[in-house]
Amino acid sequence: MWRKISREVCRKRRVKGRDFYDFVWYLGKGIPAHLAHLRQRMEQSGHWERGRPLDEADLKALLRRRFEEVDFEQAKSGVLPFLRDA
């Protein structure tokens, strides 16, 4: 799940609907985020200050900010081909 979250938080270009689809699947299964690994990936990509702790509240704030920027119609169009019953 950390990979999907990293993509959602860090991607600045066109949103990928498949990433959201997978993200929702992980949430539905109750699979927790691996915050330490996510922090390392974000530090490596320059999206998080090195050595700064990352907790659940930080992650939620990052996701809220990202979701506010998303064109969900665009994301939906990328997922529709994968759905049997849209």
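**Helix α4 and the nonpolar core**

With 14 residues at 1.5 Å a residue, α4 should span 20 Å, and its end C-alpha atoms do sit 20 Å apart, so the two values agree. That comes from a predicted model, as does everything below.

Looking around the helix, Leu-59, Leu-62, Leu-63 and Arg-66 of α4 turn out to be buried. Viewed down the axis of α4, these buried residues fall within an arc of 95°, so they line one face of the helix. The spacing fits the usual helix geometry: an α-helix has 3.6 residues a turn, so residues three or four places apart point the same way. Over on the other side of α4, Ala-57, Arg-64 and Glu-68 are exposed. The N-terminal end of α4 is capped by Asp-55, which places a side-chain oxygen 3.2 Å from the backbone nitrogen of Ala-57.

Next comes the core. The largest nonpolar core is made up of nine residues, namely Cys-10, Phe-23, Leu-38, Met-42, Trp-48, Leu-54, Leu-59, Leu-62 and Leu-63. Two or more residues each come from α3 (35-45) and α4 (56-69), with α4 supplying the largest share, three residues.

As for α3, one of its residues is His-37. This histidine is partly exposed, because its relative accessible area is 27% and the partly exposed class runs from 20% to 50%. His-37 and Leu-54 are 17 residues apart along the chain, and their C-alpha atoms are separated by 9.9 Å. Leu-54 itself belongs to the nine-residue core.

Note on methods. Residues numbered from 1 in each chain as written. Predicted model: local features only at pLDDT ≥ 70, side-chain atom pairs only at ≥ 80, totals over all residues. Heavy atoms only, no water. Core = buried A, V, L, I, M, F, W, Y, C linked by side-chain atoms within 4.5 Å. Buried < 20%, exposed > 50% of the residue type's maximum accessible area, 1.4 Å probe, protein only. Helix = DSSP H or I, 4+ residues; strand = E, 2+ residues; numbered from the N terminus. Expected span 1.5 Å × (residues − 1). Arc of directions from axis to C-beta. Polar contact = N/O pair within 3.5 Å; in protein donor to acceptor, adjacent residues only side chain to side chain.
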